[in-house]
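This report describes one protein model, from its sheet to its helices and its ligand. Please keep the sequence and the structure in view while reading.

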Amino acid sequence: MRLVLPYNARFIIDRLQQSGYTCYAVGGCVRDSILGREPADWDFTTSALPEEIERVFSDCRTLNFGKQFGTIGIILDNEQYEVTTYRLDGEYTDSRHPDSVSFSTSLQDDLSRRDFTINAMAYNDTDGLIDYFDGQKDLKFGVIRCVGVATNRFAEDALRILRALRFAATLGFSIEAATSAAILSGKRMLSAIAYERISDELLKLLCGEKADFVLRRYRSVFAVFIPELVGTFDYEQNSKHHNRDVYRHTVAAVSNIEPDPLLRTTMLFHDIGKPLSHTTDRHGESHYYNHPILGAAMAEEILRRLCMPRLFINDVSTLIRYHDVRLKPDPVVIKKLLSKLGVETVRRLYKVQRADILAQSMYQREEKLRNLSAVEAETERILSAGECYNLKMLEINGSDLLHIGITSGEEIGKTLDTLLDKVISGELSNEKNILIAAAKAI
Ligand code: ATP
Ligand code: MG
C-alpha cells in the first residue's frame with residue numbers, strides 16, 4: 001500500500017533515515033490517510049533516542065516538553081510534528097499515566113502499546129504499511145478493537161474507553177464484542193481520569209456522525225461522569241408534544257443539529273432539568289415549567305466540573321435558558337431578543353429550536369416550523385435593513401446627553417434605555433434631532 005505523505009512528513013522521515021535510524025508516520029495520521037480523511041496531526045515513531053532526534057534536527061526549532069516520554073516536537077512551517085522514540089509503557093497505577101516508560105529498539109513494541117488496531121499502524125515509503133494487528137482489515141470492516149486483551153488495556157488507561165466511543169461516533173464504526181464488553185464492565189475506571197481529558201474526547205464524540213448511536217448504546221458510560229443524565233433515562237414525558245422519553249428525545253435533538261461543539265453540547269443538556277421540574281395538572285397532563293432555568297443551572301455546574309471554558313459555559317447556559325421561549329415573527333419582540341443576546345446567539349437559538357422541534361412528536365410540528373421560519377425571516381430582514389435594536393445603533397449617545405445638560409451617569413443610562421425602547425417599538429424614529437428633542441422632554 002502506498003500513501004501520500006505531505007512534504008514535511010517526508011522531510012522528517014528522510015532526515016532520520018539518512019542519519020541511520022528508522023522512522024515511520026504512525027497512529028491517527030496513518031488511519032486517516034488510509035480512510036482518505038485529512039489527519040488532524042502527524043506523529044512519527046523512530047529508533048532514534050530523544051537526544052539523537054534533537055541532534056538530527058539541530059537546525060530546526062524543537063520542543064522538549066515530552067522528552068522524558070521520548071517525544072520531541074519539531075516545528076516546521078509553524079506546525080508541530082511529534083517524533084517519539086520507540087517505547088514500551090511500564091506499569092499503570094492511576095489508569096492514565098504509565099509509571100515509567102522504557103525506550104525500545106523495536107517498532108513492534110511501540111505499536112503494541114497503542115490503543116486500537118486501527119491506530120497501531122505505521123508507514124513510510126521504504127517499507128510501506130506495517131500492520132502487525134490487522135488494523136487495515138478492521139478499518140475496512142469498520143471495527144474498533146483493542147490491541148491485546150481489552151480489559152487489560154482499559155485498566156492501564158481508562159481514557160481509552162472514551163476514545164473507543166469517540167472513534168465509533170466519528171468514524172461510524174462498530175465496537176468489537178470483547179472490546180465493547182470491557183468498556184461496559186470497566187466504565188467506573190473513568191472516574192480516575194482528569195475531567196479536561198474527558199471533555200476533550202466528549203466534544204469530539206458529540207460532533208461525530210454516529211454520536212446518536214453511541215449516546216444510546218453506551219449511556220451508562222456517560223452516566224459515570226455526568227450522573228445528572230440518569231434522571232432522563234426512560235423518563236416518559238406524558239405530553240402530546242413528545243413521543244420519546246427525555247433521554248431519547250435528547251439524543252435525537254443532538255443529532256438534529258450541525259456538528260458544532262457548542263450546539264451539540266447545548267442539545268445534550270437542553271432538557272436535563274425536566275425530571276426535577278415535573279408537575280401534573282388536574283387533568284393529569286404533565287408540565288415542566290421551569291425546566292429551562294433549572295436545566296441551564298445544571299448544565300453550568302456539569303460543564304464547570306468538566307473544566308470547559310467560561311465563555312463556552314455561558315453560551316450553553318444562555319441557549320438552554322432560552323430554548324423553549326415561544327417567539328413570534330414580531331419586530332419588537334425580535335429586536336428585544338437581539339438586544340439582549342446578540343446576533344450570533346440569536347441565530348444559534350433558532351438552530352437549537354429547530355433541532356428540538358424535529359425531535360418532538362408530529363403534534364403541531366408544521367405550525368411550529370412555519371412559525372420558526374417566519375421568526376428567522378423577520379430577524380434577517382431587521383438585520384439587513386440595519387434597523388436599530390441596541391444602544392450602539394442608537395443615533396444618540398451619552399456625550400450627546402451630557403451636552404444637553406444631563407450629568408448623572410445613572411440618568412444618562414436610563415434615558416438611553418427609554419429612547420431605545422421607543423425606537424424599537426416604533427414610537428420614535430432613530431434620528432438624532434428627534435432623539436435629542438425626546439431626551440429633553442424626558
Ligand atoms: P486524532 O484524530 O484526534 O488526532 P489520534 O488517534 O491521532 O486521533 P492522538 O491523540 O493524536 O489521537 O494520538 C496519536 C496516536 O497515539 C494514536 O493514534 C494512538 O496510536 C496513540 N494513542 C493516543 N492516545 C492513546 C492512549 N490513550 N492509549 C494508547 N495509545 C494512544
Ligand atoms: Mg492524531
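Two strands pair if DSSP finds at least two bridges between them. Helices (H or I, at least four residues) and strands (E, at least two) are DSSP runs, numbered from the N terminus. In this structure, Ile72 stands opposite Val83 in β5.

The model is predicted, so local features need pLDDT of at least 70 and side-chain atom pairs count only at pLDDT 80 or more, while totals for chains, interfaces and linings use all residues. Residues are numbered from 1 along each chain as its sequence is written, chains are lettered from A and ligands numbered from 1 in the order in which they are written, and side-chain values use heavy atoms, with hydrogens and water left out.

## The sheet

An open sheet is formed by 7 strands, in the order β3-β4-β5-β2-β1-β8-β9, and its pairing is mixed. At the edges stand β3 (61–63) and β9 (128–130); each has a single partner strand, so one side of each is left without a neighbour in the sheet. From one strand to the next the twist averages 30 degrees. For such angles, axes are lines fitted to C-alpha atoms, for helices over the stretch in contact, and the angles run from 0 to 180 degrees between N-to-C directions.

Several pairs of strands can be compared in a table.

| Strands | Direction | Bridges | Citation |
|---|---|---|---|
| β4 and β5 | antiparallel | 6 bridges | |
| β1 and β2 | antiparallel | 3 bridges | |
| β1 and β8 | antiparallel | 2 bridges | |
| β2 and β5 | parallel | 4 bridges | |

Individual residues can be followed across these pairs. Tyr24 stands opposite Thr45 in β2, and Thr45 in turn stands opposite Thr84 in β5. The bridge partner of Ala25 in β8 is Tyr123. Between β4 and β5, Ile75 faces Gln80.

In a regular strand the side chains alternate between the two faces of the sheet. In β1, Cys23 and Ala25 point one way, Tyr24 and Val26 point the other way, and all are buried. Here buried means under 20% relative accessible area, exposed over 50%, and partly exposed in between (1.4 Å probe, protein chains only).

## Helices on the sheet

Which strands does helix α1 lie across? Helix α1 (residues 7–18) lies across β1 (23–26), β2 (43–46), β4, β5 and β8 (122–124), and runs at about 150 degrees to β1. Helix α2 (residues 28–35) also packs on the sheet, where it touches β1, β2, β8 and β9, and its direction makes about 65 degrees with that of β1. Contact means heavy atoms within 4.5 Å.

## Two residues with positive phi

Most residues other than glycine have a negative phi, and most peptide bonds are trans. Asp77 has a positive phi near 50 degrees. This residue is in the hairpin of β4 and β5, which has 2 residues between the strands. Because its relative accessible area is 66%, Asp77 is exposed.

Asp134 also has a positive phi, of about 60 degrees. Asp134 lies in the loop between β9 and α5 (135–141). With 47% relative accessibility, Asp134 counts as partly exposed.

## A covered helix

How many of the 9 residues of helix α13 are buried? In helix α13 (residues 261–269) the number is 8, and the helix is mostly covered. Its buried residues pack against α9 (195–206), α10 (211–217), α12 (246–255), α14 (291–305), α15 (310–322) and α17 (343–358).

One of the buried residues of α13 is Arg264. Arg264 counts as buried because its relative accessibility is 6%. Leaving aside neighbours within four places in sequence, Arg264 is in contact with residues including Leu206, Ala211, Val254 and Glu258.

## The ligand

There are 17 residues around ligand 1, and Arg31, Asn119, Asp157, Arg160 and Arg166 come nearest. A residue is near a molecule if one of its heavy atoms lies within 4 Å of it.

Polar contacts are pairs of N or O atoms within 3.5 Å; within protein, one must be able to donate a hydrogen and the other to accept it, and residues adjacent in sequence count only if both atoms are side-chain atoms. An oxygen atom of ligand 1 is 2.8 Å from a polar backbone atom of Asn119. A nitrogen atom of ligand 1 lies 3.2 Å from a polar backbone atom of Asp115. For Arg163, an N or O atom in the side chain is 3.3 Å from an oxygen atom of ligand 1.

On its own, ligand 1 has 590 Å² of accessible area, and the protein covers 80% of this. Accessible areas come from the Shrake-Rupley method with a 1.4 Å probe; for residues, only the protein chains shown count as cover.
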